[in-house]
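Colleague: Could you take me through this model? I should like to begin with the ligand and then turn to the backbone.

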Amino acid sequence: MANLLVTGGAGYIGSHTARALERAGYSVVIFDNFSRGHRQAVEGYTVVEGNTAERKKLAALLREFNISAVMHFAAHSLVGESVEKPDLYYHNNVLGGLNLLEAVLEAGVKHFVFSSSAAVYGEPEETPVGEEHPLKPANPYGETKVVIERALHYFTQAFGLNSVSLRYFNAAGAALSGGIGEDHDPETHLVPLILQSVLGQREKVTVFGNDYPTADGTAVRDYIHVDDLAEAHLLALEALLQGRQSQVYNLGNGEGYSVLEVIKAVEKVTGKAVPYEFGSRRTGDPALLVAAAKKAERELGWRPKTTALVDIVESAWRWHRENPQGFGAEK
Ligand code: UFG
């Protein structure tokens, strides 16, 4: 089985994917600077601490471990923060990403899986959003993802580096096998924020806007279970190892749920009322963001398993209830 490098493997989606890769029999080396990731999320793995800025270290590592494919999760991923600190996002996501790609070329690695995002589309012109939708990011975070996607496109042509870019919609939930889950600091994502309010860690949730042109006036998103995302990475890797050419795939369930529907799902799962209030819209938030994700099914054989919103929320609830401080004291 191939040896893999997983950058950002101590983060939310990276750690769930590392687990799926190990279970499938691959040898995984985690590369993380632990600026946002958690050591407890990667206990038992071979871990190398470092930054994507360290090209020489990365190239040496790729050679030393005889790495066949790189999965690149290491990036900052908060839309709001990217608007306030675009320099940080360009530096970390673009410079870091290109630096890693240079190391990959230098070491002769031929396969690359990239964490992209629905943020590359910006405000969608139609829904559901297919992969051919124009790339018009509405914030620096989305811009940085487009830069790396475009570089990967040209690197395939010039250097034969085959890649898969996976455009995630709204990742949610926690490992069905337990032990790891979502823990951002600061937390900005809807599902953990609602669960923290149920746990009494927050006074209430503010629903950003109730005047959107949607059925109940609140914004609609496509929530996809993090284990299903992890599975898609495994399938993408295997397609590349079998000779697949570079591709881009949306990863979502193809079903949209409003913020109020997510709140109702949490109430159903937890049996508790969610304290919430309506606030103004958050700048840059589209009304509706739902994936057309049939390409991944058709070409990779990807079929999300935990598709019902209540089941996604249930897995997140289990993690938050058992780990009310997230990964806790080690941070
Ligand atoms: N929301 C609230 N209140 C909150 C937090 C969120 O109402 O306190 C709403 C948002 O307005 C949005 C929905 O809940 O309608 C989901 O918000 P998240 O912040 O959880 O997720 P986003 O849809 O903003 O972001 C996700 C990914 C990003 C990605 C983006 C694509 O987390 O990485 O989709 O636009 F860039």
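Modeller: The ligand comes first, then one helix, then some backbone details.

Modeller: This is a predicted model, in which local features need pLDDT of at least 70 and side-chain atom pairs count only at pLDDT 80 or more, while totals for chains, interfaces and linings use all residues. Residues are numbered from 1 along each chain as its sequence is written, and side-chain values use heavy atoms, with hydrogens and water left out.

Colleague: How many residues surround the ligand, and which are the closest?

Modeller: The ligand is surrounded by 20 residues, each with a heavy atom within 4 Å of it. Leu190, Thr206, Phe208, Arg282 and Asp285 are the closest.

Colleague: Which polar atom of Leu190 lies 2.8 Å from an oxygen atom of the ligand?

Modeller: A backbone one; a polar contact here is a pair of N or O atoms within 3.5 Å, and within protein one must be able to donate a hydrogen and the other to accept it, with residues adjacent in sequence counting only if both atoms are side-chain atoms. Asn170 places a side-chain N or O atom 2.9 Å from a ligand oxygen, and Thr188 has a backbone N or O atom at 3.3 Å from one.

Colleague: What share of the ligand does the protein bury?

Modeller: The protein buries 91% of the 690 Å² that the ligand exposes when taken alone, by the Shrake-Rupley method with a 1.4 Å probe.

Colleague: Which element gives the largest share of the shell?

Modeller: That is β8, with three residues; strands are DSSP runs of E, at least two residues, and helices are runs of H or I, at least four, numbered from the N terminus.

Colleague: Turning to α5, what span should it have?

Modeller: Helix α5 has 20 residues, 140-159, and should span 28 Å at 1.5 Å a residue, the expected span being 1.5 Å times one less than the number of residues. Its end C-alpha atoms are 28 Å apart, which agrees. Gly160 follows α5 and has a positive phi, near 70°.

Colleague: Where are the cis peptide bonds to Pro128 and Pro186?

Modeller: One joins Thr127 and Pro128, with omega about -5°, and Pro128 is in the loop between β5 and α5. The other runs from Asp185 to Pro186, with omega near 5°; Pro186 lies in the loop between β7 and α6.

Colleague: And Phe34, buried or exposed?

Modeller: Phe34 counts as buried because its relative accessibility is 14%, and buried means under 20% relative accessible area, exposed over 50%, partly exposed in between (1.4 Å probe, protein chains only). Its phi is positive, near 55°.
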